[in-house]
Amino acid sequence: MEKYLVIGEITKPQGVRGEVKLRPITCDPERFEGLTLAYLKRGEEYIPLRLTVNRRAPDAVFLSVEGVADRNAAEKLRGELLYIDRAHAVELDEDTNFLCDLIGLRGVDDEGNPLGILRDVLQPGGNDVYVFEGPRGEVLVPALKSVVKTVDLEAGEMVLVAARLKEVAVFDED
């Protein structure tokens, strides 16, 4: 399980005093309220970053970063991903998981047929779509409660309802 979670991407400097614009990568934009510590990844290390959330817009968060006082310094952060440690992540409902924890799970239906490994989660709007890669090629499965029977992170497995897969999954078989 990843110790750090991505919460946004710094997209550009904002103004001339070192403020940056962040594109949130989270389902909970409220999570930025009161945020004062985040991390940048450098190689395999996570470097702490003190910050202040100045304001939020529907699709952006505007931050001041300690030690970043002008546009040139802010420009150096363009494209950087911002992380938080798992201890400070938002609490999830019992039936909800972080997407990064789902990647790599083995997919199997409730009749014992393997779907493969969950390689990606698409977010086209509406329902997420799980992308499995396995013996039947690429399989796209909508993330619906009627399709996903169980998710067992410790066992590394997601069990899906075979009857529903026949109705809603897209198989890339030759």
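This note goes through one sheet of a predicted model, strand by strand.

1. The sheet is an open one built from 7 strands, whose order is E11-E12-E7-E8-E9-E10-E13, and the pairing within this sheet is mixed. At its edges stand strand E11 (148–152) and strand E13 (170–171), and because each of these has a single partner strand, one side of each is left without a neighbour in the sheet.

2. Within that order, strand E8, which covers residues 114–122, pairs with strand E9, residues 129–134, in the antiparallel sense, and 5 bridges link the two. A reader who wishes to find this pairing in the structure may start from Val121, whose bridge partner in E9 is Tyr130.

3. The connection between E8 and E9 is a hairpin that has 6 residues between the strands, and in its turn Gly125 has a positive phi of about 105 degrees.

4. Strand E9 also pairs with E10, again in the antiparallel sense, over 6 bridges. Here Glu133 is found opposite Glu138 in E10, and the two strands form a hairpin with 2 residues between them.

5. Strand E10, residues 137–142, is in turn joined to E13 by 2 bridges, and these two strands run antiparallel. In this pairing Leu140 has Val170 of E13 as its bridge partner, and E13 itself is one of the strands that stand at the edges of the sheet.

6. When following the side chains along any of these strands, it may help to recall a general point: in a regular strand, side chains alternate between the two faces of the sheet.

Note on methods. Residues are numbered from 1 along each chain as its sequence is written. This is a predicted model: local features need pLDDT of at least 70, side-chain atom pairs count only at pLDDT 80 or more; totals for chains, interfaces and linings use all residues. Side-chain values use heavy atoms; hydrogens and water are left out. Two strands pair if DSSP finds at least two bridges between them. Helices (H or I, at least four residues) and strands (E, at least two) are DSSP runs, numbered from the N terminus.
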